[in-house]
Structure formats: structure tokens, C-alpha cells
Amino acid sequence: PNTSTGIFNLDHDLEIEEVSVTNQYGQEVFHQIGRNIDQVQLPNFTKGIHFVKAISSSQHYYSKLLIY
């Protein structure tokens, strides 16, 4: 998993249009829709494992995120 203090950058060559973050229980805790999203800020989130889904018009990208 990627580690973070609650702020993370999406390093990509695609134009990300939607980002969602779920906790370890599958509950969506963050959702953002926009154009060319490149940073997500989760400063007050519970520590632990979260799952990130980033969507562009042509691809879906999934990653684990460990907030400490």
C-alpha cells in the first residue's frame, strides 16, 4: 500500500474525472467528481487501510492507501 498522512497526489498521464475512497469495511468515505483531479486531501480521516478508485474516460485505476 501507499502511505500517506492524508494528502496524496494522483500521478498519472490521464485526465482523472472521478475519485472515490472507501474504508476497510467498504464504506465510501470520499467522492469527488471534476476535471483533471490530481490531488486528494483527507486530513481528518481515520488511520488505517483505505482503497482508492480513480476513473478517467478510458480507464479505472485502483490502489491501497495506508493513512497513518
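In the predicted model, Q32 is partly exposed, because its relative accessibility of 29% lies between the limits of 20% for buried and 50% for exposed residues. Q32 belongs to strand β4, which spans residues 28-33. Beyond its neighbours within four places in sequence, Q32 contacts E17, E18 and V19, together with I37 and Q39. With respect to D13, Q32 is separated by 19 residues in sequence, and the C-alpha atoms of the two residues lie 19 Å apart.

The loop that follows, between β4 and β5 (39-41), contains N36. The phi angle of N36 is near 50 degrees, a positive value in a residue other than glycine. Most residues other than glycine have a negative phi. N36 has a relative accessible area of 45% and is therefore classed as partly exposed, given that exposed residues must be over 50%.

Strand β3 covers residues 18-23 and includes S20. The relative accessibility of S20 is 7%, so this residue counts as buried, the cut-off being under 20%. When neighbours within four places in sequence are left aside, the contacts of S20 comprise E28, F30 and H31 on the one hand, and F51, V52 and K53 on the other. The first three of these residue numbers fall within the range of β4 (28-33), whereas F51, V52 and K53 fall within that of β6 (48-55).

The largest nonpolar core is made up of 13 residues. Within this core, the residues with the most contacts are F8, L10, V19, V40 and L42. Two or more core residues are contributed by each of β3, β6 and β7 (60-67). For V40, the contacts outside a window of four places in sequence are G6, I7, F8, L10, V19 and F30. Among them, F8, L10 and V19 also rank with V40 in the group that has the most contacts inside the core. V19 is in addition one of the residues contacted by Q32, and F30 is one of those contacted by S20.

Strands β6 and β7 run antiparallel and are joined by eight bridges. A hairpin of four residues connects β6 to β7. In this pairing, I55 stands opposite H60 of β7. Both strands of the hairpin also supply two or more residues to the largest nonpolar core.

Definitions and conventions: Residues are numbered from 1 along each chain as its sequence is written. This is a predicted model: local features need pLDDT of at least 70, side-chain atom pairs count only at pLDDT 80 or more; totals for chains, interfaces and linings use all residues. Side-chain values use heavy atoms; hydrogens and water are left out. Buried means under 20% relative accessible area, exposed over 50%, partly exposed in between (1.4 Å probe, protein chains only). Contact means heavy atoms within 4.5 Å. A nonpolar core is a set of buried Ala, Val, Leu, Ile, Met, Phe, Trp, Tyr and Cys residues joined through side-chain atoms within 4.5 Å. Two strands pair if DSSP finds at least two bridges between them.
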